[in-house]
Amino acid sequence: MTVTRYTKMAYANADEMIFGKAKFPVKAGLGLEIGAGLTIPELNYAPRPQAGVSKEALVKEYERITRDAMGRIVQIGAPAVCLESEHVQQMSNNPSWGAAVAHAQKTIMEEFHDEYGVKCALRHTIGDIREDRDFLALRAKQNTTMLEAFDQCAAQGADLLSIETMGGKEVFDYAIIRDDTAGILFGIGVLGTSDMEFVWQNIVDIAKKNKVVAAGDTDCAQANTAMFIAGGLLDKNLAHTTAIVARCISAARTLAAYESGATGPGKDCGYENTIIKSIAGIPITQEGKTSTCAHSDVMGNLTMQVCDMWSNESVEYHGEFGGTTVQCWVESLAYDCSLMNTAIKTGNEKILRDLLTLSDKYRDPQGYVLAYDNAFRVGEAIAKNGNDTYLRSKAAAETCCAILDEGVKSGKLLLTKFELNALDAVKKDLAKLPAEKAKFVDQCLAKYNAEVPVFEFSKNYVL
């Protein structure tokens with residue numbers, strides 16, 4: 001399959017971007033159309049650990065999860081929902097387990113669709129199981145098992161196929177704790193992109209074979225790692241300016257799924273998805289304030305700004321005062337979507353979008369850059385250099401730094417000395433990088449082959 005690079009933007013300007021509407025909507029499952037004019041709640045959940053003791057117990061757990069979620073959607077009168085099953089390791093390492101879960105879930109969803117008219121789709125996110133202890137084994141036997149999990153789940157009821165690939169993580173993990181800008185860029189932008197092209201061409205083939213949707217990926221393994229290490233406003237484990245540079249580089253990487261034939265919707269924890277939507281025009285899922293059950297961030301309203309589906313990231317299945325966790329969280333998601341959809345119907349979508357954005361834009365450098373107007377600028381830098389995976393990653397990082405500089409100089413973005421020093425260090429690092437991909441790759445291979453014991457380039461990557 002041919003990889004088709006993005007070299008121009010899907011939108012003429014940032015103001016064209018809005019929640020619930022994408023340039024290229026996606027039809028999936030039972031009457032669901034994503035990005036066609038309405039936002040849709042996407043519920044994400046995890047089984048209790050004890051449910052993984054057997055295939056039968058796990059299937060029963062997912063049946064309870066599905067009935068609880070679909071029942072609450074009907075109870076509150078919500079018109080549509082997407083359910084996302086992120087595989088626990090038993091489901092991807094044993095493809096028949098994941099397939100059995102998908103079949104059981106889809107059977108229940110069909111019942112609710114037929115009886116109540118709920119439009120719905122099932123996303124299965126296969127686990128990236130391609131590792132052998134500390135080593136990534138991206139093209140070894142684990143890859144075959146992983147692809148079989150995709151195939152069986154698609155055949156048994158999954159409508160949307162996703163994954164969170166880990167290519168480049170061995171170098172990234174080494175680099176991020178050393179504030180090594182070149183290693184961050186190499187791990188995410190070059191190695192990560194290479195791996196995604198390999199994986200996603202296979203996933204797209206499987207999706208076409210089973211007549212389902214190859215949805216999308218995220219850089220959870222790297223950019224989210226940076227975001228979580230950076231932590232909250234009081235933490236100094238990693239500068240938030242460094243974390244947002246990693247995030248902008250990740251957009252150049254995540255784009256590779258769509259260049260390989262995926263169509264969206266992009267997956268929830270890809271905070272880079274606003275940038276992706278600006279370039280590719282595909283629908284995206286996002287998470288924010290409704291993901292506090294899974295983690296904290298500093299842009300919980302802002303991430304709603306141009307979402308097409310709205311997610312809670314993940315929650316363990318158990319009881320709460322208001323019902324089970326999946327009942328509580330799908331209801332919260334549905335009400336957020338109802339507000340966005342009412343804004344669309346009354347012509348107030350841009351007002352709500354801008355309020356959501358402005359409520360978080362100046363809280364932190366991450367939200368500042370991911371605000372849709374600035375995210376669009378990062379997208380332009382990527383598209384301008386779209387044919388070169390190194391140069392577009394470098395351009396994304398450089399544009400991120402320029403946006404932060406402008407925010408500081410305007411007096412609207414306030415950064416501590418710690419953050420300003422980190423930003424200055426990143427800019428100096430970027431200025432030292434070569435202008436040619438081949439030279440950059442040669443430098444990185446010489447360095448990381450020697451310094452990172454778990455980096456096995458020849459077994460995992462083709463550049």
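**Close-up 1. Cys444 and its cysteine surroundings in the predicted model.** At 3% relative accessibility, Cys444 falls in the buried class. The closest cysteine sulfur to that of Cys444 belongs to Cys401 and lies 17 Å away, which is too far for a bond.

**Close-up 2. Cys337 beside Cys307, a cysteine pair without a disulfide.** The structure as a whole holds zero disulfides, and for Cys337 the nearest cysteine sulfur, that of Cys307, is 6.3 Å away. Because a disulfide requires sulfur atoms within 2.5 Å, Cys337 is in no disulfide. Cys337 is also buried, with a relative accessible area of 2%.

**Close-up 3. Trp200 in the largest nonpolar core.** This core comprises 102 residues, and the members that touch the most others are Phe186, Trp200 and Phe455. Helix H6, which spans residues 181-210, gives the most to the core, contributing 14 residues. When residues up to four places away in sequence are not counted, the contacts of Trp200 include Leu161, Ser162 and Ile163, the run Ala214, Ala215, Gly216 and Asp217, and also Ala257, Ser260 and Ala262. A second core, separate from this one, has 43 residues, among them Phe19, Tyr62, Leu122 and Val326.

**Close-up 4. Glu33 in strand S2.** Strand S2 covers residues 32-36 and contains Glu33, a residue that is partly exposed at a relative accessible area of 37%. Leaving aside residues up to four places away in sequence, Glu33 touches Pro25, Val26, Lys27 and Ile40. The C-alpha atom of Glu33 is separated by 9.5 Å from that of Ala80, although the two residues are 47 residues apart along the chain.

Key
Residues are numbered from 1 along each chain as its sequence is written. This is a predicted model: local features need pLDDT of at least 70, side-chain atom pairs count only at pLDDT 80 or more; totals for chains, interfaces and linings use all residues. Side-chain values use heavy atoms; hydrogens and water are left out. A nonpolar core is a set of buried Ala, Val, Leu, Ile, Met, Phe, Trp, Tyr and Cys residues joined through side-chain atoms within 4.5 Å. Buried means under 20% relative accessible area, exposed over 50%, partly exposed in between (1.4 Å probe, protein chains only). Helices (H or I, at least four residues) and strands (E, at least two) are DSSP runs, numbered from the N terminus. Contact means heavy atoms within 4.5 Å.
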